[in-house]
Amino acid sequence: EDAPLVSHVSRETIEEIRHITSYPTKDEVINQFNTYVRGPLRDSVMNSMGKEDYISFKLCILVSLPWWFQGLILVLGCDGRHCDDQLHT
C-alpha cells in the first residue's frame, strides 16, 4: 500500500513557511487584482469601448437598434389592431 507523498500540514506550519514558498497573502492577492483591474484591464476596455465621455457612432447605433426595431414592429404591426381598422382612424 502506497503512503501519500505529503502528509497533512497544519495551518500554523503553512503560515510559518508562507514567506519562503512565495505564495501571496490574501491582501497581496487583492492588491494584485486591483492593480490589474485598474491598469491593463481598464486600458483594454477603454481601447475597445472608448472613454466615458465619448461613444462611437457604431456603438450608438448598436445600442439604439432595439428601440428602432420596436418602432418598426409597432408601425408594421398596425399598433396591435387590425390593419384595415388602423387605416380608417
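What percentage of the 89 residues of the chain counts as buried? In this predicted model, the share is 3%. The accessible surface of the chain comes to about 8700 Å², and carbon and sulfur atoms account for 62% of that area.

The secondary structure consists of four helices and zero strands. Read from the N terminus, the order of elements is α-α-α-α.

The second of these elements, helix α2, covers residues 26-49 and includes V45. The relative accessibility of V45 is 42%; because partly exposed residues are those between the 20% limit for buried and the 50% limit for exposed, V45 is classed as partly exposed. V45 also belongs to a nonpolar surface patch, which it forms with Y36, L41 and M49. Together, the four side chains named here present about 360 Å² of accessible area. A general property of helices is useful when viewing such a patch: an α-helix has 3.6 residues a turn, so residues three or four places apart point the same way.

Attention now turns to helix α3, residues 57-76. Its length can be checked against expectation. The expected span is 1.5 Å times one less than the number of residues, so the 20 residues of α3 should span 28 Å. The C-alpha atoms at the two ends of α3 lie 27 Å apart, in agreement with that value. The helix nevertheless has a bend of about 45 degrees, located at L65. A proline, P66, follows within four residues of the bend.

How much of α3 is covered, and how much is in the open? Of its 20 residues, the number buried is one, and α3 therefore lies largely in the open.

The aromatic side chains add a further detail. The count of aromatic pairs comes to one. This pair is made by W67 and W68 in an edge-to-face arrangement, with 5.0 Å from centre to centre and 70 degrees between the planes. The angle exceeds the 60 degrees above which a pair counts as edge-to-face. Both W67 and W68 are exposed.

Just after α3, the backbone at C78 adopts a positive phi of about 60 degrees.

Notes:
Residues numbered from 1 in each chain as written. Predicted model: local features only at pLDDT ≥ 70, side-chain atom pairs only at ≥ 80, totals over all residues. Heavy atoms only, no water. Patch = residues over 30% accessible without salt bridge, like charges linked within 9 Å, V, L, I, M, F, W, Y side chains within 5 Å. Areas by Shrake-Rupley, 256 points an atom, 1.4 Å probe, with all protein chains shown as cover. Buried < 20%, exposed > 50% of the residue type's maximum accessible area, 1.4 Å probe, protein only. Bend = angle between axes of the 7 residues up to and from the residue. Phe/Tyr/Trp six-rings, centres within 6.5 Å; stacked < 30°, edge-to-face > 60°.
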